[in-house]
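Colleague: Let's go through this model and test the labels on it. I will ask what justifies each one.

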Amino acid sequence: MKILIQRVKRASVTINNELFSSIKQGILALVGIEKGDTQEEVQKLAKKIVNLRIFPDENDKMNRSLLDIQGEMLIVSQFTLCGDCKKGTRPSFDKSAPPEIANKLYEDFIEEVSTYGVKTGTGQFGAMMDIELINDGPVTFMLEVKNG
């Protein structure tokens, strides 16, 4: 499981030219589900992300978490994070989980983040989406938990 997170001042998802979801200050999380990923990875990464100290304190040091600032999280499915570009010039998506499994774990991740009291917004699994964000910093991190 791979999740690219960006600290944002705000972010939104538009589908078919209509606003689908938006958040204020918090984290945009792009979620890639790979073959073999389980509920264990979902729980581990949700806990890690909501507690990751990437927001500034009064001394402008990254010392506060999403929970500390009562921030929001926009969670968007992003299967291309699982793409392998090592060979040739066309990405391979062989490592991506099948859609029915990926969608279930994506929904489980949203629910797991919500259990921490975080207000969440989402994308729509499998849809073509326009994502707008104001990256705060910029601050961007890739988190990965190997399946199994």
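Modeller: This is a predicted model. A search of the whole structure finds 0 disulfides.

Colleague: How do you know that Cys82 has no bond to the closest cysteine sulfur?

Modeller: A disulfide needs the two sulfur atoms within 2.5 Å. The closest cysteine sulfur to that of Cys82 is in Cys85, at 12 Å, so the gap is too far for a bond. Cys85 is likewise in no disulfide.

Colleague: Cys82 and Cys85: what makes one buried or exposed? Start with Cys82.

Modeller: Buried means under 20% relative accessible area. Cys82 has 1%, so Cys82 is buried. Exposed means over 50%. Cys85 reaches 57%, so Cys85 counts as exposed.

Colleague: How do you know that the end-to-end distance of H3 agrees with its number of residues?

Modeller: The expected span is 1.5 Å times one less than the number of residues. H3 has 16 residues, so it should span 22 Å; its end C-alpha atoms are 22 Å apart, which agrees.

Colleague: Which residues of H3 are buried, and what do they pack against?

Modeller: Among the buried ones are Leu105, Phe109, Ile110 and Val113. Asp108 and Glu112 are buried too. The buried residues of H3 pack against strands E1, E3, E6 and E7 and helix H1.

Colleague: What is the volume of the largest pocket, and which residues are closest to its centre?

Modeller: The volume is about 370 Å³. Of 19 lining residues, Ser77, Gln78, Phe79, Gly126 and Ala127 are the closest to the centre. Strands E3 and E6 and helix H3 each give two or more residues to the lining. H3 gives the largest share, 3 residues.

Colleague: What classes of residue make up that lining?

Modeller: There are 13 nonpolar and 6 polar residues, and no charged ones.

Colleague: What is unusual about the backbone?

Modeller: Most residues other than glycine have a negative phi, and most peptide bonds are trans. Asn17 has a phi near 65 degrees, a positive value, and is not glycine. Gln70 is not a glycine either, and its phi is about 55 degrees. The bond from Gly137 to Pro138 is cis, with omega near 0 degrees. Pro138 lies in strand E8.

Colleague: Where are Asn17 and Gln70, and why is each called exposed?

Modeller: Asn17 lies in the loop between E1 and E2. Gln70 is in the loop between H2 and E6. The cut-off for exposed is over 50%. Asn17 has 74%, so it is exposed. Gln70 has 71%, so Gln70 is exposed.

Notes: Residues are numbered from 1 along each chain as its sequence is written. This is a predicted model: local features need pLDDT of at least 70, side-chain atom pairs count only at pLDDT 80 or more; totals for chains, interfaces and linings use all residues. Side-chain values use heavy atoms; hydrogens and water are left out. On a 1 Å grid over the protein atoms alone, a cavity is a set of points where a 1.4 Å probe fits but cannot get out, and a pocket is an open set with protein on both sides within 12 Å along at least five of seven lines; lining residues have an atom within 4 Å of a point. Grid points are joined across faces, edges and corners, and a volume is the space filled by probe spheres set on the points. Helices (H or I, at least four residues) and strands (E, at least two) are DSSP runs, numbered from the N terminus. Ala, Val, Leu, Ile, Met, Phe, Trp, Tyr, Cys and Pro count as nonpolar, Asp, Glu, Lys and Arg as charged, and the others, Gly among them, as polar. Buried means under 20% relative accessible area, exposed over 50%, partly exposed in between (1.4 Å probe, protein chains only). Contact means heavy atoms within 4.5 Å.
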